[in-house]
Amino acid sequence: MNALTLSFTLNGNEVSIEISPNTLLVDLLRDNLRLTGTKVGCRDGECGACTVLLDGTPVNSCILPAAKVQGRSVTTIEGLAHENGQLSEIQEAFMHEGAAQCGFCTPGMIMNSTALLEKNPQPDDQEIRESLSGTLCRCTGYRKIVQAVVTAGEMKKSQG
Ligand code: FES
Ligand code: FES
C-alpha cells in the first residue's frame, strides 16, 4: 500500500509524517512518535486506556485510523502540562488524591477528565462516573479517581 503524508497538530506542535494508510492512531503515537504515555489495553475500543483528545473530544486511539487526524488537533497525556512545565490541575489532583495504583488506566482517565472539566468545570459524582464509564480501572475502585476530578474542578475554580 502506498504511504501517505499525514499532517496534524500534536500537543500544540505541527507534525508531518509518512505513514502506511492502515496505521492506527495509537501505533503512530507510541511506535512512530515515541509518545508512550498513551496506553494500549484491549485494542478493541472497550477499555479506554488509549484515550486521547481529538479537537478536544476523547477518542479511543486504538480503533481510529491515523489518517483521520489529517489537519486536526491531537492532545495526549504528554501535552497536558502548562507551558512552564507545571502539571495540569487534573494531573496534580490525581497525585494529591492517590488516584493511581498501577497507573495503567491513568492517562485515559486523565484525558477523559480533562475533556469533562473543559465542558463542565464543577461536575458532580454522577456526572464524573458517567463521563469515565468507558475507562476501566482494575485497581482503585474509582472512588479516589472521582475525588481527584472533583478536586481538580475546585483547583481550577480557585485559580479563576
Ligand atoms: S486499548 Fe483502546 S479502548 Fe482499550
Ligand atoms: S490504577 Fe491500575 S488500572 Fe487503574
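Two residues are in contact if their C-beta atoms, placed from the backbone, lie within 7 Å. This is a predicted model, in which local features need pLDDT of at least 70, side-chain atom pairs count only at pLDDT 80 or more, and totals for chains, interfaces and linings use all residues. Residues are numbered from 1 along each chain as its sequence is written, and chains are lettered from A and ligands numbered from 1 in the order in which they are written.

**Exercise 1. Find the contacts of Cys105 and decide whether Cys105 is buried or exposed.**

Solution. Start with the location: Cys105 sits in the loop between H2 and H3, where helices (H or I, at least four residues) and strands (E, at least two) are DSSP runs numbered from the N terminus. Leaving aside residues up to four places away in sequence, Cys105 touches Ala49, Thr135, Leu136 and Cys137. Next, apply the burial rule: a residue is buried if 20 or more other C-beta atoms lie within 10 Å of its own, exposed if 12 or fewer, and partly exposed in between. Cys105 has 27 C-beta neighbours inside 10 Å and therefore counts as buried.

**Exercise 2. Compare the expected span of helix H3 with the distance between its end C-alpha atoms, then describe what covers H3.**

Solution. The expected span of a helix is 1.5 Å times one less than its number of residues. Helix H3 has 14 residues (106-119) and should span 20 Å; its end C-alpha atoms are 20 Å apart, so the two agree. For the cover, 11 of the 14 residues of H3 are buried. Among them are Pro107, Met109, Met111, Asn112 and Leu116. The cover over the buried residues includes strands S3 (51-54) and S4 (57-60), together with helices H2 (89-97), H4 (125-131) and H5 (143-158).

**Exercise 3. Classify the crossing of H2 and H3 and list the residues in contact.**

Solution. Axes are lines fitted to C-alpha atoms, for helices over the stretch in contact, and angles run from 0 to 180 degrees between N-to-C directions. The axes of H2 and H3 come within 9 Å and cross at roughly 130 degrees. Angles under 35 degrees count as roughly parallel, over 145 as roughly antiparallel, 65 to 115 as roughly perpendicular and the rest as oblique. H2 is therefore oblique to H3. From H2, Ile90, Gln91 and Phe94 make the contact, and from H3, Thr106, Ile110, Ser113, Thr114 and Leu117. Sorted by class, the contact of H2 with H3 has four nonpolar, four polar and no charged residues; Ala, Val, Leu, Ile, Met, Phe, Trp, Tyr, Cys and Pro count as nonpolar, Asp, Glu, Lys and Arg as charged, and the others, Gly among them, as polar.

**Exercise 4. Repeat the analysis for H2 and H5.**

Solution. The axes of H2 and H5 are 8 Å apart, at an angle of about 130 degrees. H2 is therefore oblique to H5. On the H2 side the residues are Glu89, Ile90, Glu92, Ala93, Phe94, His96 and Glu97; they meet Lys144, Gln147, Ala148, Val149, Thr151, Ala152, Met155 and Lys156 of H5. By class, this contact has seven nonpolar, three polar and five charged residues.

**Exercise 5. Describe the phi angle and the surroundings of Asn11 and of Arg43.**

Solution. Most residues other than glycine have a negative phi. Asn11, not a glycine, has a positive phi of about 50 degrees. Asn11 lies in the loop between strand S1 (4-10) and strand S2 (13-19), and is partly exposed, with 18 other C-beta atoms within 10 Å. Arg43 has a positive phi near 60 degrees. Arg43 belongs to the loop between helix H1 (25-32) and S3, and is partly exposed, with 15 other C-beta atoms within 10 Å.
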